[in-house]
Amino acid sequence: MNEKSKTGLADRRLRERLLLGRAVPGDHLRLADATLLGALDGSRPLTANERAALMHSPLTLRRLRVLSDAVRKQAGAAAIWMRSGGLLRAAASSTTLDRLVTDDGCWALHFVPDGDGWSVILALAAEAPFAPGLMRQQPMLRVLDGAGATVLQGRLDIDGECEDGWPFDTPPARHFQLHGGMFAVETAAP
Amino acid sequence: MRLPGTRYQEHGWEQVRKLLGHCSLLALNGEGVPALLGHGDKGEGGPAPAALLERYTEAVATALGRSAGSSRAEAPGNHYGESVAELALSLLYELRAQPSYWDGFLAAVASEHARNGAFWTGAGADGILRKKINDMYAGLRDKVDADNCQVALGKPCSPNKIYTYRMLDTAYGDIAALFANWQVHEDQVAAILGRAPGGLPIEARQMKSIAGCKAEWVIRWSETLDRFAGSPGPLHTKSKRFASLKNQPDKIAAMLAEIGDYEELSANLDHAEGWAGDAGEAALWLEDYWRVLGESEAAAPEGTDDRLLAAPDDEFAGPETDGPVPPDAAPLPDEPLALPTPALTPALTPGQRAHEQALALSLSLPPRFIELAAASQDASSWTLRMLKDDTLPVRLAVYQKMLGGADDSYPDEWRDPATGELPTLQQLAALDGVSMPTLRKRRNEAIARLSACTPGL
């Protein structure tokens, strides 16, 4: 917002009212959500006819407003998320470790035997508040053990998962025991 | 009943309807009704429908203001925390945005007059008028809520579909009442359940919400209503409005589930969390809109297929509600003009300044009102560029009409310290040295100018 203008907000609201408060007989949703979202994230600009349809349909403009506000909210949530941490549970250490979950419940690490070693899979919980934003932004993620060594690094696939081979010689449970009994998921610096 | 986005479908509606009816009668009493007949397609000399609508909405808004504080006005109108008075006022604003409902009201008044002469002078005049007012707002609320629902879900919805949801919701309420009182209505409950009467029906205990109501029950309830209540049920009336629905239990079941799902969801929502939030308050989406337009213009559109949605069929339109399909969107306007930035405040002579200050004082406004109010408007703003040839009072009147007198976006310099709101139209006219009708006319011309270039703004 223009700090110097005391009436910037009033102007904006007036223009909003002019755009949305029009009666257009026979108005209906002229563009699908996928089309509007593609235009909002810049992946597919509107064609000239779609642009004209949007400009002349208060109903479609109102849907754009809903989607724009939702994307903004999600982007805000994604921007806030930096790091989730978790502990190796006592019970987990005594048996074969197949799963660890961060304290916020937003991430799980799965360990799957794979030939002589293991695979490690990082999975994002669909209900995580920052999930939609992360899925859109696809940042580089890193899983660290308690000593700060990288366990896994990569980007989420479309299922919200990232998989790689277990990078250490010691099995997962023993490794975490030896390295502080902690782990963390964070965005890797680009 | 609650559906995503809807505001006018809950129990509070009855009071909203009554309040609007009451205030409308106040607004139209005396000379009001004959004046409504003065217009016509052939230009019979009376005021145009738009002018009548403006006069009507101003009078109703005033009457609503006077009703503030009454128990009816303060009663809750819906579960979002909006009061009956707030809903009545916002529906009144919607009427301005959807003037076809006003035109329908005028047509109903004209045809009543053609049939029965000066009906407003006879006994029961209020009742006749109130019925027409009710019809206007009943149609308008379903139109507004159908649009609200489409916007919330991104799926088509029509006023007829809203009406159908409401019929099903009412059916559920009736069935639930019968189940709760099953000893008294044993035969009817048995008929709804489709089996012989025999003790406490377990279904009656298991149906906790509309989501637990079965489509067959609704169909049988409607079928047997004639026998038990003396008049045919909504799926079985002669009007055939819902006739096809009785053969579509799947569709009924899906709609009952939709109402139930949203009722459960909305019961868990925090009341304070509006659908708009801070971003909505600041209308930040406009930035996205302008960017989307810009990127679309910059992109070479060659070879990209248009992905446009056709107008959906209204599967819920009853036979008697089929009307002509209104024409589609207007053609593209010319590109908006790039306008020069006007000078901020014209230099005034000491004499002019003294006159301005005396004028403001005579209206109980701060002496430097005009000067300070003008200076607080950003010279590069779109509105000021569009309205550069209009006076400050006309510009403020535009804001007052479009956003109301008390919008929290207004700077203090625009407000009358006595009321905390924009000066009244009367004060603005006096500040401008013109009559109220002249100010109204200039204000409306200014809004028409803004509207004309709105699609590209």
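This is a short walk through a predicted model with chains A and B, from the layout of each chain to a single residue in a loop.

Let us start with chain A. Chain A is divided into two parts: domain 1 covers residues 8-80, and domain 2 covers residues 83-187. If you look for the C-alpha centres of these two domains of chain A, you will find them 38 Å apart.

Next, see where the two chains meet. Chain A brings 56 residues to the contact, and chain B brings 60 residues. On the side of chain A that touches chain B, four helices each supply at least two residues: α1 (8-20), α2 (33-40), α3 (48-55) and α4 (58-80). Which of the helices gives the most to this side of chain A? That is α1(A), with 12 residues. The residues on this side of chain A are a mixture, with 23 nonpolar, 14 polar and 19 charged.

Now turn to chain B itself. Its secondary structure comprises 20 helices and zero strands. Chain B has 457 residues, and buried residues make up 32% of them. Taking the contacts in chain B with a separation of 6 or more, 66% are between residues 24 or more positions apart.

One pair of helices in chain B is worth a visit. Two packed helices are described by the angle between their axes and the distance between the axes. Helix α8 of chain B spans residues 159-180, helix α11 of chain B spans residues 215-229, and the two pack at an angle of about 80 degrees with their axes 10 Å apart. Angles of 65 to 115 degrees count as roughly perpendicular, so α8(B) and α11(B) are roughly perpendicular to each other. From α8(B), the contact is made by Leu168(B), Ala171(B), Asp174(B) and Ile175(B), while α11(B) brings Trp217(B), Val218(B), Trp221(B) and Ser222(B). The residues of this contact between α8(B) and α11(B) divide into six nonpolar, one polar and one charged.

Our last stop is a single residue, Ser364(B), in the loop between α15 (350-362) and α16 (369-375) of chain B. Most residues other than glycine have a negative phi. Ser364(B) is not a glycine, yet it has a positive phi of about 60 degrees. Is Ser364(B) buried or exposed? A residue counts as exposed if 12 or fewer other C-beta atoms lie within 10 Å of its own. Ser364(B) has 12 other C-beta atoms within 10 Å, so Ser364(B) is exposed.

Terms used
Residues numbered from 1 in each chain as written. Chains lettered and ligands numbered in written order. Predicted model: local features only at pLDDT ≥ 70, side-chain atom pairs only at ≥ 80, totals over all residues. Buried ≥ 20, exposed ≤ 12 C-beta atoms within 10 Å, placed from the backbone. Axes fitted to C-alpha atoms, helices over the stretch in contact; angles between N-to-C directions. Parallel < 35°, antiparallel > 145°, perpendicular 65-115°, else oblique. Contact = placed C-beta atoms within 7 Å. Nonpolar A, V, L, I, M, F, W, Y, C, P; charged D, E, K, R; others polar. Domains from an automatic or database assignment.
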